[in-house]
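Please open the model in a viewer and keep the selection panel at hand. The stops below proceed from helix packing to the ligand surroundings.

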Amino acid sequence: MEKIIDEKKQGESLILEQKKGNQRKLFIESYGCQMNFSDSEIVASILNEQGYNTTQNLEEADLVLVNTCSIRDKAEQTVRKRLEKYNAVKQERNPNMKVGVLGCMAERLKAKFLEEEKIVDLVVGPDAYKDLPNLLAEVDEGRDAINVILSKDETYGDISPVRLNSNGVTAFVSITRGCDNMCTFCVVPFTRGRERSRDPQSIIEEVNDLWNKGYKEVTLLGQNVDSFLWYGGGLKKDFDKASDMQKATAVNFAMLLEMCAKAQPKMRFRFSTSNPQDMTLDVIETMAKYNNICKYIHLPVQSGSNRILKEMNRQHTREEYFELIDNIRRIIPDCAISQDMISGFPTETEADHQDTLSLMEYVKYDFGFMFAYSERPGTLAERKLEDDIPLDIKKRRLNEIIALQQKHGLMRTQEHVGKIEEVLVEKASKRSDAHWAGRNSQNTMVVFPKGNYKVGDFVNVKITDCTSATLIGEAVGYSDNY
Ligand code: SAH
Ligand code: F3S
């Protein structure tokens, strides 16, 4: 028996020998938030150094990595289905393939993953990607490998990401990791650890590098970008212990935005996500001051009811949220605003739900991302509150929220009709090869006939028509804003 294993191992190491020198193939896919997509680019960069090139073809992959999401139960089920698919490919066509799980599910389930899913050889949490070379060496030797240690200071600021599935025009740059907010429904603080910010200098270097490579738009990413705070490294919650010098030279989010806008005045900047409790007037004023900071804020609120906001441990009231909205509208009248909303949080009454709808009526969001509450293991809500709203009620409330959002979305897109707006061309329109698609400053998709324009051009487009999510127009010339 031992001999057979030895022979199998020898066979495997022979294959490894043959595949050295950028010969090995990595298939990597991501689920969940933009941060996961950005992290996968960091992972691809780390593995590139180890001789892995990416492939889109599962059947030829030596290593399959799936970057996973735990935010709702459905997201986890999607990943489980993918693992079944990898298993089928491995059995039928690619017996030497190794499979690793990255990201939030890896962090949440830890070693349980190796027990529950026989296909999995490798489990790596969001702060442990630099350990991948060591972990893969273990896997190569036939052992399962795991590292789910969360870090105080890892930001991957020193890694230059390999851009995956890129249009060559827009890119993500991560600026903070983790979250300290502890919203009671949310698994992120458990899977991504405490909040820390990345060295602004390394952010600017990445932005400059992207510009030099032809990119025209950067989205600064974090669970909570507005609480960005650099004071030389370390956790956000330890800022109080910083020296006077560190405090005096600290960089906050408004300052970082300004640094970016000035470093590349012809590049567009976006950011996501803003937490209402952390968004300051400084940030709004900086957005107003620079043409190249897009006029769009993703401002999740989750509920319109003060009682539910409190149960969710959101650190603001409905009235404070309205004040923030009023300030945004006053300082940036053409700013688009979008929401995340949760229906059927424990104890939510019809009156609470009506508060959500009336809050939406007040704001009239441009877009929204809306979900039925999904209880997550280990969260405060799971431990303290019963998931007591029946699924059919959650769904009915969710449908009412979605219907109202569609109505407001259409109202908002109609406001653009007749205007001339600057669009950054990203790709061919999905519906028609004769049209370009790109976004205006407010993040709404605009399609228009291609003419002689090309991907990466800033084009002024006269908006002539719209649907609830897309603007339709005609190019009137290059934009001279930049
Ligand atoms: N600050 C984060 C929020 C992460 S979660 C960000 O960068 O986007 C994204 C959204 O998922 C949340 O705003 C919330 O609306 C939703 N969500 C989180 N946990 C949820 C749960 N348990 N059930 C349903 N929706 C949830
Ligand atoms: Fe989650 Fe709340 Fe942070 S939604 S990511 S705990 S701000």
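**Helices α11 and α13**

Begin by selecting residues 281-289, which form helix α11, together with residues 318-331, which form helix α13; their axes come within 10 Å and cross at roughly 25°. Because angles under 35 degrees count as roughly parallel, α11 is roughly parallel to α13. The crossing of these two helices is right-handed. The model in view is a predicted one.

Next, display the side chains at the contact. On the α11 side, select L281, I284, E285 and A288; they meet L324, N327, I328, R330 and I331 in α13. By class, the residues of this contact divide into six nonpolar, one polar and two charged.

**Helices α8 and α10**

Move now to residues 200-212, helix α8, and residues 253-263, helix α10. The two pack at an angle of about 30°, and their axes are 10 Å apart. This angle makes α8 roughly parallel to α10. Here α8 passes α10 in a right-handed crossing.

To see the contact itself, select P200, I203, I204 and N208 of α8, and then L256, M259, C260 and A263 of α10. The residues of the contact of α8 with α10 comprise seven nonpolar, one polar and no charged.

**Ligand 1**

Centre the view on ligand 1. Which of the 14 residues around ligand 1 come nearest? They are Q223, T273, Q302, D340 and S374.

Three polar pairs may be inspected in turn:

- Q223: a polar backbone atom of this residue is 2.5 Å from a nitrogen atom of ligand 1.
- Q302: a polar side-chain atom lies 2.6 Å from an oxygen atom of ligand 1.
- S374: a polar backbone atom is 2.7 Å from a nitrogen atom of ligand 1.

Colouring by atom type will help to separate the backbone atoms of Q223 and S374 from the side-chain atom of Q302.

**Ligand 2**

Keep Q223 selected and turn to ligand 2, since Q223 is listed among its surrounding residues as well. Which residues surround ligand 2? The shell consists of C179, N181, M182, C183, F185, C186, V188, P189, Q223, N275 and R314.

Finally, colour this shell by residue class. The residues around ligand 2 divide into seven nonpolar, three polar and one charged.

Technical notes: Residues numbered from 1 in each chain as written. Chains lettered and ligands numbered in written order. Predicted model: local features only at pLDDT ≥ 70, side-chain atom pairs only at ≥ 80, totals over all residues. Heavy atoms only, no water. Near = heavy atom within 4 Å. Nonpolar A, V, L, I, M, F, W, Y, C, P; charged D, E, K, R; others polar. Axes fitted to C-alpha atoms, helices over the stretch in contact; angles between N-to-C directions. Helix = DSSP H or I, 4+ residues; strand = E, 2+ residues; numbered from the N terminus. Parallel < 35°, antiparallel > 145°, perpendicular 65-115°, else oblique. Left-handed = near helix turned anticlockwise from the far one by under 90°. Contact = heavy atoms within 4.5 Å. Polar contact = N/O pair within 3.5 Å; in protein donor to acceptor, adjacent residues only side chain to side chain.
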